[in-house]
Amino acid sequence: MKFSLKSLLATSLMLAASWSQAQSADHVFRVSAIPDEAPTELQRKFKPLGEYLEKKIGMKVEFTPVTDYAASVEALINKKVDMVWFGGFTFVQANERSKGAITPLVQRAEDEKFRSVFVTTSKSINSLADLKGKTLSFGSESSTSGHLMPRYYLLAAKINPDTDLKRIAFSGAHDATVAAVAGGKVDAGALNISVWEKLIEAKKVDPSVVRVFYTTPGYYDYNWSVRTDMNADLKKKLTDAFLALDANKPEDKAIMDLQRATKFIPTKVDNYKNIEAAAKNAGLLK
């Protein structure tokens, strides 16, 4: 009987250990991002970073696309994904929706002073004031750089986009905004400067046809966020992995170039207080 009990106990422990190892091996760290560009582009940009993070955290990393900005917030809060690339405004929304249960880990150095650009093909539009009576496309309604901050600076220039413009539209993504302007669907558009510069570099837009006529002052924007209740060790591994990326190393530079980053730096909730205030001022956050 004693032998049987010992054998049973040993077998149980072995099965438990095997099950635990299998569960660990099967566990996937899921990452998502606000859909501010085409899904295929987001996947392309993330692939090398995902492979890098796999080595650093010892887990399989998968990119999980979402349909819209709100879905990225709900996916993180409801534990459908483990980390999300948020815009500043989307982070503020996620933090409010979760009652402070979201932690921003890191941001690109460029996100300390991010900017938006207004573009047009019209020779008669050379300032924000010239937009009165014209049509304008923002990106997504929840986009920091494609809607919130452009709206904020329009209001600061005494232009109410809802009453002073002939019509406003929402393209859903920054590259779609440029396409709408280039295709003559709207007189002007607002988008983030990073996507604009990428489109120019890739020769996907002719700057002599579609041109920038206003660039906003800088503001805090994008970050990588996780739930605050994430395991502290995993949170540290992720943070350290991002901070260790060095653009002077060829293998890291390929990752950094796709992320349009010179380096990653730590960030905190307080960095987004001005974004929160801008959202409330624009009537986009209660």
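In this predicted model, the residues of helix H6 (residues 174–182) that are buried are His174, Thr177, Val178, Ala180 and Val181. Because they cover an arc of only 160° around the axis, they sit on the same side of H6. The elements that these buried residues pack against are helix H3 (69–77), strand S5 (116–120), S6, H5, strand S8 (188–192) and helix H7 (193–201). Just after H6 the chain reaches Gly184, which takes a positive phi of about 75°.

**The annotated span and the sheet**

The UniProt record, an unreviewed entry, lists residues 28–252 as "domain: Solute-binding protein family 3/N-terminal". In the model, this span is 38% helix and 22% strand, and the C-alpha atoms at its two ends lie 23 Å apart.

An open sheet of 6 strands runs in the order S2-S1-S3-S10-S4-S11, and its pairing is mixed. Its edges are strand S2 (60–63) and strand S11 (264–266), each of which pairs on one side only. From one strand to the next, the twist averages 25°. Within this sheet, strand S1 (residues 28–33) pairs with strand S3 (residues 83–86) in the parallel sense, over 3 bridges, and Ala33 has Trp85 in S3 as its bridge partner. Helix H3, already named among the elements packed against the buried residues of H6, also lies across S3, strand S4 (102–108) and strand S10 (223–227), and it runs at about 155° to S3.

**Aromatic pairs**

A pair of aromatic rings is described by the distance of the centres and the angle of the planes. Across the whole structure, a search finds 14 aromatic pairs, and two of them are set out here.

| Pair | Geometry | Centre to centre | Angle between planes |
|---|---|---|---|
| Phe46 and Phe63 | tilted | 5.3 Å | 40° |
| Trp85 and Tyr222 | stacked | 5.1 Å | 10° |

The pair of Phe46 and Phe63 links distant parts of the chain, since Phe46 belongs to helix H2 (residues 39–57) and Phe63 to strand S2, 17 residues apart; both of these residues are buried. In the stacked pair of Trp85 and Tyr222, Trp85 lies in strand S3 whereas Tyr222 lies in the loop between strand S9 (211–215) and S10, so this pair ties together parts that are 137 residues apart in sequence. Trp85 and Tyr222 are likewise buried. Trp85 thus appears both as the bridge partner of Ala33 and as a ring stacked with Tyr222.

These four residues also belong to a cluster, in which ring pairs link Phe46, Phe63, Trp85, Phe114, Tyr219, Tyr222, Trp224, Phe242 and Phe264.

**Glu141**

Glu141 is found in the loop between strand S6 (135–138) and helix H5 (144–156), two elements that are also among those packed against the buried residues of H6. Is Glu141 buried or exposed? Its relative accessibility is 51%, and because the exposed class begins over 50%, Glu141 counts as exposed. Leaving aside residues up to four places away in sequence, Glu141 nevertheless touches Phe89, His147 and Phe170. The C-alpha atom of Glu141 is separated by 34 Å from that of Ala244, a residue 103 places from Glu141 along the chain.

Note on methods
Residues are numbered from 1 along each chain as its sequence is written. This is a predicted model: local features need pLDDT of at least 70, side-chain atom pairs count only at pLDDT 80 or more; totals for chains, interfaces and linings use all residues. Side-chain values use heavy atoms; hydrogens and water are left out. Helices (H or I, at least four residues) and strands (E, at least two) are DSSP runs, numbered from the N terminus. Buried means under 20% relative accessible area, exposed over 50%, partly exposed in between (1.4 Å probe, protein chains only). Contact means heavy atoms within 4.5 Å. The arc is that of the directions from the helix axis to the C-beta atoms. UniProt positions are given in the numbering used here, feature names are shortened, and annotations may be inferred rather than shown by experiment. Two strands pair if DSSP finds at least two bridges between them. Axes are lines fitted to C-alpha atoms, for helices over the stretch in contact, and angles run from 0 to 180 degrees between N-to-C directions. Rings of Phe, Tyr and Trp (its six-membered ring) pair if their centres lie within 6.5 Å; planes under 30 degrees apart count as stacked, over 60 as edge-to-face and the rest as tilted.
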